[in-house]
Amino acid sequence: MSEQKIPYKIYLSEDEMPKYWYNLRGDMKVKPEPLLNPDTGKPMTHEELSVVFCDELAAQELDEDNAYIEIPQEIRDFYKMYRPAPLVRAYCLEEKLQTPAKIYYKFEGNNTSGSHKLNSAIAQAYYAKKQGLKGVTTETGAGQWGTALSMACSYFGLDCKVYMVKVSYEQKPHRREVMRTYGASVTPSPSMETEVGRKILAEHPGTTGSLGCAISEAVETAKNNEGYRYVLGSVLNQVMLHQSIIGLETKAALDKYGIKPDIIIGCAGGGSNLGGLVGPFVGEMIRGEADYQIIAVEPASCPSFTRGQFKYDFCDTGMICPLAKMYTLGNGFIPSSSHSGGLRFHGMSPILSQVYHDGYMEARAVEQTEVFAAAQEFARVEGILPAPESSHAIKVAIDEAMKCKETGEEKTIVFGLTGTGYFDMLAYQKFNDGVMTDYIPTDEDLAKGFSYIPDIPKNRE
Ligand SMILES: *Cc1c(COP(=O)(O)O)cnc(C)c1O
């Protein structure tokens, strides 16, 4: 059978771009457990969520019935400025590895923020604007989300207050300045500006912060400022919904050439890019239409899936957010400083947690030096300088391609290349100088984190 030559890059036309997001919950047989109000222990209502989130986003958060939700025209217009993202056939990497595997990656780094996060930032800013709000508050770890959100807010003329994890604020001054250029205000977290920040600083003087702390500060600020709401760049159901654009485009591009993937791989921080990429494919698995091997890749230093517990936990350290049932290392778990800032969250998307729990997905934990070795190998042949987070997926894609080399199998591998690493050159420098270290938490370290998981009746079931 003669094979049609697959181009280096498969692009969709503007007309072929998705007009609906895909909500995996609509097809899930076992729905993820609802968010709980920590005060009452009851599921969060729309009214309660609307205190913190925009009305429309609160509705999306709770919608577990509609598999397809229309993308408003204004958001589709913005998407057209940097999408569709190409699906790239990694011919050069295949050649270098001498593998019979066929490798594809979906590249989300083609925008100034440098990652997939803009897909949800623009949606969240749009709904805030539509509701007539003045602005939004958020946290950022490595800075990608804050950057994406500040771009989206400047587009719609919204104020944007970002709490940036202190260690990143200090290590990544350039990220901070990109955000300020787009008009955002950036505060290192924990800060003295909020009650929860002051409390955390009193308990842990000299702490370099964590995403969980920064979330608490951003939520408090949204609640105390009229006309502001809080927005989050990962974990939530609404974010995974917006990120489904990645998987829908990937599927449309593959279908265009009749390609059926065997393995789909993504890195997992809070789960938004992974959920967005694999959602439409997992949907097919749940509906019994297809079968794929889906692999989540996380850092060994923050192993939520591979070593976490599937329990109700807080998403933030200050314990003011709703409780989510997810794979978690405990809300007090502060991971060792790693160079993959975007993967340092203690919890995981409740939707993906359920998908993993139900056996539709597997997970692997990898160490950072092997991740950077994969990043370097990839950059040298494919040209793109990948983000450390994205490189977790590269590492496992290469592992799988090498297995094919041993067995002679011609598997088709698709992975998500979530972004570029231009702001991560200090990390690359450490790797290039041979001084990068790996850290794997001991069971004792993890037990300390687990002790923060609340002892509520649901967790004793
Ligand atoms: C934030 C980020 C991630 C991880 O976040 P998810 O919500 O798990 O997708 C991965 N890659 C890049 C480049 C990021 O900025």
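Helices, named α, are DSSP runs of H or I with at least four residues, and strands, named β, are DSSP runs of E with at least two, both numbered from the N terminus. The views below all show a predicted model.

**View 1. The ligand and the residues that surround it.** In this predicted model, the ligand is surrounded by 19 residues, and the closest of these are Lys 117, Ser 234, Ser 272, Asn 273 and Thr 418. Sorted by class, this shell is made up of 13 polar, four nonpolar and two charged residues. Two helices, α12 (272–286) and α16 (388–407), each contribute at least two residues to the shell.

**View 2. Polar atoms beside the oxygen atoms of the ligand.** At Lys 117, a polar atom of the side chain lies 2.6 Å from an oxygen atom of the ligand. Ser 272 likewise places a polar side-chain atom 2.7 Å from a ligand oxygen atom, whereas at Gly 271 a polar atom of the backbone is 2.9 Å from an oxygen atom of the ligand. Taken on its own, the ligand has 390 Å² of accessible area, of which the protein covers 98%.

**View 3. The ligand between two domains.** The ligand lies between domain 1 (3–17 + 83–114 + 243–450) and domain 2 (20–69 + 116–230), because both domains give residues to the shell around it. The space that the ligand takes up is the largest cavity.

**View 4. Two cis peptide bonds that lead into prolines.** The peptide bond running from Arg 83 to Pro 84 is cis, with an omega near -5°, and Pro 84 has its place in the loop that connects α3 (73–82) with β4 (87–89). Ser 189 and Pro 190 are also joined by a cis peptide bond, for which omega is about 5°. Pro 190 is found in the loop between β8 (185–189) and α9 (195–203).

**View 5. Positive phi values at Gln 98 and Val 235.** Gln 98, a residue other than glycine, has a positive phi, with a value near 55°, and this residue is found in the loop between α4 (91–97) and β5 (102–107). Val 235 is likewise a residue other than glycine with a positive phi, here near 65°. The place of Val 235 is in the loop that runs between β9 (228–230) and α11 (237–256).

Note on methods. Residues numbered from 1 in each chain as written. Predicted model: local features only at pLDDT ≥ 70, side-chain atom pairs only at ≥ 80, totals over all residues. Heavy atoms only, no water. Near = heavy atom within 4 Å. Polar contact = N/O pair within 3.5 Å; in protein donor to acceptor, adjacent residues only side chain to side chain. Areas by Shrake-Rupley, 256 points an atom, 1.4 Å probe, with all protein chains shown as cover. 1 Å grid on protein atoms, 1.4 Å probe; cavity = no way out; pocket = protein on both sides within 12 Å on 5 of 7 lines; lining within 4 Å. Sits in = over half its atoms within 2 Å of the grid points. Nonpolar A, V, L, I, M, F, W, Y, C, P; charged D, E, K, R; others polar. Domains from an automatic or database assignment.
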